[in-house]
Amino acid sequence: MADHSISFRVTAPDEWRTAADVFRAALLSPPASDDDWEKPGLRDSWADSHSISAWEGERCIGHAAGFHFTTMVPGGATVPSSGVTRVGVTQTHTRRGVLTGAMHRLLSDSVGHGKVLATLRASEAVIYGRFGFAVAGDTCEVEIRRRGAQVVAPVAEGTIRILDRADVLATVMEVHGRVGLDRPGAILRPEWMQRRYLADPLATDKAAWVIVHTGIDGVDDGWAQYATEWPSTFGDHSGGICEVGDVWGATPQVELALWKFILDLDLIGTFRADERPVDDAIRFALADQRSYHAKIRTDEQWLRLLRVDDALTARRYNPANGAVTIAVTDPLFPFNTGTWRVSADGAARVADHATDDADLVATINGISAAYMGGTSWHDALVSGQVEQRRPGSLAMADVLFASRPFPRCGSFF
Ligand SMILES: CC(C)(COP(=O)(O)OP(=O)(O)OC[C@H]1O[C@@H](n2cnc3c(N)ncnc32)[C@H](O)[C@@H]1OP(=O)(O)O)[C@@H](O)C(=O)NCCC(=O)NCCS
């Protein structure tokens, strides 16, 4: 536990910059400049979060915060969630319980604020399991080589336009608000985050563009952004590099129409993208699937259910000939300990304790891992977070919980 000389409190607005410098230094990054604090976006992002700071006397020595997000769960419902972020402890004060104190305060405040889930991106995979988090979805960093990268699958009918810089923010906010919740784990990007994603196409000196797809009904139903870099040697025939920052469509066919436009750009030899889903539609739509090369696959969303009742009843389950009972234990929030029956009709609490005769027994990490339908119950069992008591129940839980397409957030924070 934290020593008694350390206290935790909600960070006041006039302390944000001090707290920002502390967690940035913890991440071995420079402080944000005066210019950064002047830009629209940075202050907004602080105002859009619940910030907890740790203090030793007058000195800030740690920080953790949660953005106020809305997250889609399997079946399409959305729930209030806490996007845990800006976590850092001054190097002189690590391993003394500062993060533990800040995280417990943050998570319990988030429960009090009605958040159903907490989600985060981890700098290191060893930090957050102790607080009940587990990996609920992965993403890929990919490279597509031009040779063989023709889109051969059907694409949505419609037209594509390149946005004028002045229209970028408003148009993307509007279109993304309608098409951005495309998979479990996706969040509605607040304007401060969209400004960050669109920094290049919004700047006046960058080779970066936003395109919008309009369906044959006249409605904008997808958008993408890309930027270009050039080899320094004139006459180098390998072509330019295109960094594809975002591709979002109301359907996979709209995504493919946007990809087709990008992959047909003259002068480009290599396309790179990150935060791509593990089952990326464009991979399966190319003439040569191996022109799509997943260079890195890594954990994306770490998830912790904050209110198991609300989380399990918010999502939908797949058709299945049967039900499972799942006993969950949560040492941090005892109200989450209980037993639920889950079937195609939904989930309902059947006991306020973890019953001995439950089919499956899960830690809070186990149920959090499996919740989005990306990490299988089988994988959660292999990692030691789940135990099967009734043969066949693990396979039944996998049928009930699976999400296809796979979960993916696609928005880094
Ligand atoms: C990660 C970080 C916030 C941990 O803060 P902290 O105050 O040292 O954490 P705590 O003292 O509360 O640690 C709680 C437990 O987690 C363990 N732990 C914490 N961070 C760890 C790490 N990076 N590697 C291994 N173990 C870690 C501690 O050893 C301790 O274990 P114990 O309970 O068995 O003693 C801090 O090391 C840090 O600022 N790191 C650099 C920035 C960073 O990575 N931030 C996270 C961004 S996602």
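This passage walks through a predicted model, from its domains and sheets to its ligand shell and a few unusual backbone spots. Residue numbers start at 1 in each chain and follow the sequence as written. Because the model is predicted, local features need pLDDT of at least 70 and side-chain atom pairs count only at pLDDT 80 or more, while totals for chains, interfaces and linings use all residues.

The protein is split into domain 1 (6-120), domain 2 (140-299) and domain 3 (307-401), with bounds that come from an automatic or database domain assignment. Between the C-alpha centres of domain 1 and domain 3 there are 30 Å. The two still meet: nine residues of domain 1 are in contact with ten residues of domain 3, contact being C-beta atoms, placed from the backbone, within 7 Å. On the domain 1 side of that meeting, eight residues are nonpolar, one is polar and none is charged. For these classes, Ala, Val, Leu, Ile, Met, Phe, Trp, Tyr, Cys and Pro are nonpolar, Asp, Glu, Lys and Arg are charged, and the others, Gly among them, are polar.

Now to the sheets. Helices (H or I, at least four residues) and strands (E, at least two) are DSSP runs numbered from the N terminus, and two strands pair if DSSP finds at least two bridges between them. Seven strands, in the order β1-β2-β3-β4-β5-β14-β6, make an open sheet with mixed pairing. The edges belong to β1 (6-10) and β6 (134-135); each has a single partner strand, so one side of each has no neighbour in the sheet. At the start of that order, β1 and β2 are antiparallel and share five bridges, with R9 opposite S53 in β2. Strand β2 is also antiparallel to β3, through eight bridges, and here S51 faces A65 in β3. The β2-β3 connection is a hairpin with two residues in between, and G57 in its turn has a positive phi of about 60°. Six of the eight residues of β2 are buried, so the strand is largely enclosed by the rest of the structure. Buried here means 20 or more other C-beta atoms within 10 Å of a residue's own, exposed means 12 or fewer, and partly exposed is in between, with C-beta atoms placed from the backbone.

Further along, β5 (residues 117-120) and β14 (residues 302-305) run antiparallel and are joined by four bridges; L117 has L305 as its bridge partner in β14. Helices lie across this sheet too. Helix α1 (residues 16-26) crosses β2 (49-56), β3 (59-72) and β4, at about 95° to β3. Such angles run from 0 to 180 degrees between N-to-C directions, with axes fitted to C-alpha atoms, for helices over the stretch in contact. Helix α11 (residues 364-371) lies across β6 and β14, at about 120° to β14.

Helix α11 turns up again at another sheet, where it lies across β15, β18 and β19 at about 100° to β18. That open sheet has five strands in the order β17-β16-β15-β18-β19, again with mixed pairing. Its edge strands are β17 (346-351) and β19 (386-388), each with a single partner, so one side of each lacks a neighbour in the sheet. From one strand to the next, the twist averages 25°. Strands β15 (residues 324-329) and β18 (residues 360-363) run parallel over four bridges, and I326 is partnered by L360 in β18. Helix α13 (residues 393-401) lies across β15, β16 (338-343), β18 and β19, at about 90° to β15.

The ligand has 18 residues around it, of which T94, V98, L99, T100 and S123 come nearest; a residue is near a molecule or strand if its C-beta atom, placed from the backbone, lies within 6 Å of it. Both β4 (78-89) and α4 (98-112) supply at least two residues of this shell. Its make-up is nine nonpolar, five polar and four charged residues.

A few backbone oddities round things off. Most residues other than glycine have a negative phi, and most peptide bonds are trans. R95, in the loop between β4 and α4, has a positive phi near 60° and counts as exposed, with 7 C-beta neighbours inside 10 Å. L28 likewise has a positive phi of about 60° without being a glycine. The R404 to P405 peptide bond is cis, with omega near 0°, and P405 sits in the segment after α13.
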